[in-house]
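Hi,

Here is the structure I said I would pass on. Have a look at it first, and my notes follow underneath.

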Amino acid sequence: MDAPDSLLAPGTVLASLDGLCPDSATIVERVDGTRRVSVLILRDVLGVRAFLNLCPHARWPLETFDGRVLFSDDGHLMCAAHGAVFDPLTGACRGGPGLGHGLMVIPVDVRDDGTVVIAGPMH
């Protein structure tokens, strides 16, 4: 599940703000032919953030097999495969396997109409 540039180009629509529950994580799949990329979007009081939904340690999506995104007791994102934990603000790895290799950040903007779009290149 690589991140093809054409699927995550600036201006690409990821979601509608109305479709993102407050204080939650949502997984959005982008598909173009046989290429697929998964994006994890967080919405909370600090705004909307997005990350490539791929644990840098296991190269596996963060969510459980039934689609749930796990959080630790202190609010960090957790990889369901091996338990790595990531800062929900920056994507930095805070513990577990892969320490030092954070999630890939996808910069997003929320347009006036509530559309969540990719704002620039991933980093």
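I searched the whole structure for aromatic pairs and one turned up. The partners are Trp60 and Phe65: their ring centres lie 6.1 Å apart and the planes meet at 75°, so this is an edge-to-face pair. Edge-to-face needs planes over 60 degrees apart. As for the surroundings, Trp60 is partly exposed, with 40% relative accessibility, while Phe65 counts as exposed at 81%. Keep in mind that this is a predicted model, and that goes for the rest of my notes too.

Next, strand 4, which covers residues 47-52. Is it buried or exposed for the most part? Five of its six residues are buried, so the rest of the structure largely encloses strand 4. Strand 4 pairs with strand 3 (residues 35-44) in the antiparallel sense, over six bridges. If you want a spot to click on, Val39 has Leu52 in strand 4 as its bridge partner. The link from strand 3 to strand 4 is a hairpin of two residues. Strand 4 also pairs with strand 9 (residues 105-106), again antiparallel, this time over two bridges. There, Ala50 is matched with Ile106 of strand 9.

Just ahead of strand 9 comes a loop that starts after strand 8 (93-95), and Pro97 sits in it. Pro97 is partly exposed, at 26% relative accessibility; the cut-off for buried is under 20%. Which residues does Pro97 touch, leaving aside those up to four places away in sequence? They are His57, His82, Gly83 and Ala84. Ser24 is another story: it lies 73 residues from Pro97 along the chain, and the C-alpha atoms of the two are 24 Å apart.

Last item: an open sheet of three strands, in the order 1-11-10 and with antiparallel pairing. Its edges are strand 1 (13-16) and strand 10 (108-110), each of which pairs on one side only. On average, neighbouring strands in this sheet are turned by 25° against each other, ignoring direction. Strand 10 runs antiparallel to strand 11 (residues 115-118), and three bridges join them. One place to find this pairing is Val108, whose bridge partner in strand 11 is Ile118.

That's my list, so over to you.

Cheers

How values were computed
Residues are numbered from 1 along each chain as its sequence is written. This is a predicted model: local features need pLDDT of at least 70, side-chain atom pairs count only at pLDDT 80 or more; totals for chains, interfaces and linings use all residues. Side-chain values use heavy atoms; hydrogens and water are left out. Buried means under 20% relative accessible area, exposed over 50%, partly exposed in between (1.4 Å probe, protein chains only). Helices (H or I, at least four residues) and strands (E, at least two) are DSSP runs, numbered from the N terminus. Two strands pair if DSSP finds at least two bridges between them. Contact means heavy atoms within 4.5 Å. Rings of Phe, Tyr and Trp (its six-membered ring) pair if their centres lie within 6.5 Å; planes under 30 degrees apart count as stacked, over 60 as edge-to-face and the rest as tilted. Axes are lines fitted to C-alpha atoms, for helices over the stretch in contact, and angles run from 0 to 180 degrees between N-to-C directions.
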